[in-house]
Amino acid sequence: MFSFFKPKPPAAEPATPATPVESAPLPVESRPGWAQRLKQGLAKTRDRLGGQLAGLFGVGRKIDAELFEELETILITADVGVDATQALLDTLQKKVRRENLTEASDLQAALKQALVDLLTPLQAPLDVTPHKPFILMLAGVNGAGKTTTIGKLAKLYQSQGLSVLLAAGDTFRAAAREQLQVWGERNNVTVVSQEKGDSAAVIFDAIQAARARNIDVVLADTAGRLPTQLHLMEEIRKVKRVIEKAIPGAPHEVLLVLDANTGQNAVTQVKAFDDALGVTGLVLTKLDGTAKGGAIAAIAHACLARPRSIPVRYIGVGETVDDLRPFDAREFVEAVFTA
Amino acid sequence: MLENLSGRLAGVVKSLRGQARITEANVQDTLRQVRLALLEADVALPVVKDFIEAVKTRALGQEVLTSLSPGQALIGIVHEELTRLMGGENAELNLAATPPAVILMAGLQGSGKTTTSGKLALLLKNRKKKVLLASVDVYRPAAIDQLRQLGKQLDVAFFEAGDERDPLKIAQAAQDHARKQFYDVLIVDTAGRLAIDEAMMNEIKALHAAVRPIETLFVVDAMQGQDAVNVAKAFNEALPLTGVVLTKLDGDARGGAALSVRHITGKPLKFIGVGEKPTGLEAFHPERMAQRILGMGDVLSLIEQAQGSVDLAEAKKLADKVKKGKDFDLEDFKAQIQQMRKMGGLSALMDKLPGAGQMTMPAGADDKAINRVEGIINSMTPLERRKPDIIKASRKRRIAAGAGVQVQEVNKLLNQFEQAQKMMKMMGKGGLSKMMRGMKGMLPGMR
């Protein structure tokens, strides 16, 4: 498809692997090599997107209409979406005119900057210490990776010295409870579950238990649901109401789990779940595949039209617990673009 | 972004109507809009390119020239090509093997393999097949338990592997068990895997070689984005797929992945998954899917009907008036109502407009109400129709008596007409879509 591939030229910017994050709110973040791991996780994303871009921005190439068309192709195939792609290209085109850019390589920095500008509003790490217990509620469509993410989050908070309790709120899918229980056993975390009953009740019990045991963080799982299933959206609203009843002001965080493989429906999902629950954060999972996660850009772009943007709290770049990472716009863009 | 395809397509249709013939330029423009619409439906870009090429070739050829209306023909071609690409007709499940016929499920994490396995088991059980379910997903916690519970719910046998943790051995043991117990079908559910995970892809290749399935089904999430092509390609190269199952179609994703996967693998889409209920597995209908991806509701037949029945001269007169900014009077209002009736009445019209289906029609917004409105207008003098401002209390009483309604209804109509007048002014600027929104307030009883 991309006949314009050229041998990779030296990267326009020197690759700076493992740049430690300057502000490190989480202890694990400063561990050496995590940026490296993020890069590994995103290797496929980078290989495709970065590789294509390296070819595009090759030495000596001039900026022309064809270059923009190729750029459009790359952004579209990364699931950035038609609108966000158009907006990014418009920004670039203006910049080219304003600053009289002619070299294709100048465009690379400009595109990176435009992407960072677009994604920066989504960057806001989650602090779970202000409340005790801090109640996190997870929601998402079927198969987005909610339960797996809960396991990873439990491990993450534990490694920060916090006590964690899981609420097996997915009472619908067969063996969802067992899936969480297995996770809990493996990681030595208490799981509150019920043989039968609705998720609101399970989560309510879990919160009571957390208070009694002086637990720091409660992770509440919910069943996967598509936003078109109105009765299920109503049900999850109820779950939130019940949590509020258990602890006024809770849930302190409503996380929406998104599969990086999802296309433009990700934007619809964010809107629908936000309308129902007031989503306060996103988790982007499965970035270790070939999916490029460009839907983040589509979401960021769509958020421009909404009263507030919803930050991406974590991204999942691999199978292991350590592969769940706070989202950093620049690092994300760098990891994607630095070969 | 959130604006759906229907809106776009309605725009396409609009721009095509009233044009005498298709020129290279206006086809380009329309195709560009179709292209954007497909991309927003998550059809992969290379597939979109192929598709646009195919449509262009046909649209610029003979068929359009001989057709009655260029717009009709072009949208028709888009729809036809889409249906054709999607596979022509649906393919049945092949179970023609020495029992047990083995069905192997493959796909990414979270695509819906286990749920689909359960649904498939029920479907086959209802066809009087003796089905055995087996899970070789030893990785995800409680995955095996999930299938066991599904089997129990559905009253379908589940193969207990005991402490065995080797997927290959579990599969072989299950096959052996199925053979000895005379099962007709064995469904092997596998772990979700990334197409780039070599070890896992090798594992499923080995599984395939060991159990020699007659059906190897690739399970795809309807919400999947552009990456669907890469994943489908990788799975297709690793395994001799025999069919595709598209899941989570009860969501609002347009399901462009269906087109991508079909195009890349060339394998038929055999089933669609709708909902979490075990009965939610249906045969795939390419035509319906084409309509879903395009989001065109029933635009096709609307075009046909409108083309056949709308009095073009009348419509032109109105359009001229609007353009010139002349007053839109009750005579025009009546003409509009009559045109609407020619097209099968309000309810028929609403059904056909994409997006209008979501506008709930409360009781009263039916064709009867429209008839009453027409009756009231008919009870007015020509002067009153042209200058509704002169209608005061005594005229209202006379009109109400003439139409057999209460005075309040005359008032209501006059209010609605006033809104419609504003709408017409807007239409001069904003076009049909704005007017449609306005119509909600204009017609009696509608919200």
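**Reading helices, loops and cavities**

Modeller: Let's jump straight in: in chain A, α3(A) passes α5(A) in a right-handed crossing. Keep in mind that this is a predicted model.

Biologist: Okay, but how do I describe a helix pair like that beyond its handedness? At what angle do α3(A) and α5(A) pack, and how far apart are their axes?

Modeller: In general, you describe two packed helices with the angle between their axes and the distance between those axes. Here, helix α3 (residues 65-77) of chain A packs against α5(A) at an angle of about 35°, and the axes are 12 Å apart.

Biologist: And which residues of α3(A) and α5(A) meet?

Modeller: From α3(A) you have Leu67(A), Phe68(A) and Leu71(A), and they meet Ala104(A), Leu107(A) and Leu111(A) of α5(A). Sorted by class, that contact has 6 nonpolar residues, with no polar and no charged ones.

Biologist: Let me try another pair in chain A. How are α10 and α11 arranged in terms of angle and axis distance?

Modeller: Helix α10 (residues 265-277) of chain A and helix α11 (residues 295-303) of chain A have their axes 9 Å apart and pack at an angle of about 45°. That angle makes α10(A) oblique to α11(A). As for the hand, α10(A) passes α11(A) in a right-handed crossing. The contact brings Ala266(A), Val267(A) and Val270(A) of α10(A) up against Ala295(A), Ala298(A), Ile299(A) and Ala302(A) of α11(A). By class you get 7 nonpolar residues there, no polar ones and no charged ones.

Biologist: Over in chain B, I'm looking at α8(B) and α9(B). At roughly what angle do their axes cross?

Modeller: The axes of helix α8 (residues 167-180) of chain B and helix α9 (residues 198-211) of chain B cross at roughly 20° and come within 10 Å. Angles under 35 degrees count as roughly parallel, so α8(B) and α9(B) are roughly parallel to each other. Their crossing is right-handed. In the contact, Pro167(B), Leu168(B), Ala171(B), Gln172(B) and Gln175(B) of α8(B) meet Glu203(B), Ala206(B), Leu207(B), Ala210(B) and Val211(B) of α9(B). Those residues split into 7 nonpolar, 2 polar and 1 charged.

Biologist: Next, the backbone. What should I look for in the dihedrals?

Modeller: Start from the usual case: most residues other than glycine have a negative phi, and most peptide bonds are trans. Then hunt for the exceptions. The bond joining Lys132(A) and Pro133(A) is cis, with omega about -5°. Chain B has a cis peptide bond from Pro99(B) to Pro100(B), where omega is near 0°.

Biologist: Where do Pro133(A) and Pro100(B) lie?

Modeller: Pro133(A) is in the loop between α5 (104-119) and β1 (134-140) of chain A. Pro100(B) is found in the loop between α5 (70-85) and β1 (101-107) of chain B.

Biologist: What about phi, say for Asn214(A) and Lys128(B)?

Modeller: Phi is near 60° for Asn214(A), a positive value in a residue other than glycine. Lys128(B), likewise not a glycine, has a positive phi near 65°. Asn214(A) belongs to the loop between α8 (199-212) and β4 (217-220) of chain A, while Lys128(B) is in the loop between α6 (113-126) and β2 (131-135) of chain B.

Biologist: One more loop residue: what does Ile214(B) touch, leaving out residues up to four places away in sequence?

Modeller: Ile214(B), in the loop between α9 and β5 of chain B, touches Asn94(B), Ala96(B), Ala97(B), Ala101(B), Val102(B) and Thr242(B). If you want a distance to check, the C-alpha atoms of Ile214(B) and Gly255(B) are separated by 27 Å, and the two are 41 residues apart along the chain.

Biologist: Last topic, then: empty space. How many cavities of 30 Å³ or more does the structure hold?

Modeller: The idea is that rolling a probe the size of a water molecule over the atoms shows where empty space is left. In this structure that gives 4 cavities of 30 Å³ or more. Take the second largest cavity, with a volume of about 110 Å³.

Biologist: Which residues lie nearest the centre of the second largest cavity?

Modeller: Leu108(B), Gln109(B), Ser111(B), Asp221(B) and Gln224(B), out of 16 lining residues. Strand β5 (residues 215-221) of chain B gives the most to that lining, with 4 residues. By class, the lining of the second largest cavity has 6 nonpolar, 7 polar and 3 charged residues.

Terms used. Residues are numbered from 1 along each chain as its sequence is written. Chains are lettered from A and ligands numbered from 1 in the order in which they are written. This is a predicted model: local features need pLDDT of at least 70, side-chain atom pairs count only at pLDDT 80 or more; totals for chains, interfaces and linings use all residues. Side-chain values use heavy atoms; hydrogens and water are left out. Axes are lines fitted to C-alpha atoms, for helices over the stretch in contact, and angles run from 0 to 180 degrees between N-to-C directions. Helices (H or I, at least four residues) and strands (E, at least two) are DSSP runs, numbered from the N terminus. Angles under 35 degrees count as roughly parallel, over 145 as roughly antiparallel, 65 to 115 as roughly perpendicular and the rest as oblique. A crossing is left-handed if the near helix is turned anticlockwise from the far one by less than a right angle, and right-handed if clockwise. Contact means heavy atoms within 4.5 Å. Ala, Val, Leu, Ile, Met, Phe, Trp, Tyr, Cys and Pro count as nonpolar, Asp, Glu, Lys and Arg as charged, and the others, Gly among them, as polar. On a 1 Å grid over the protein atoms alone, a cavity is a set of points where a 1.4 Å probe fits but cannot get out, and a pocket is an open set with protein on both sides within 12 Å along at least five of seven lines; lining residues have an atom within 4 Å of a point. Grid points are joined across faces, edges and corners, and a volume is the space filled by probe spheres set on the points.
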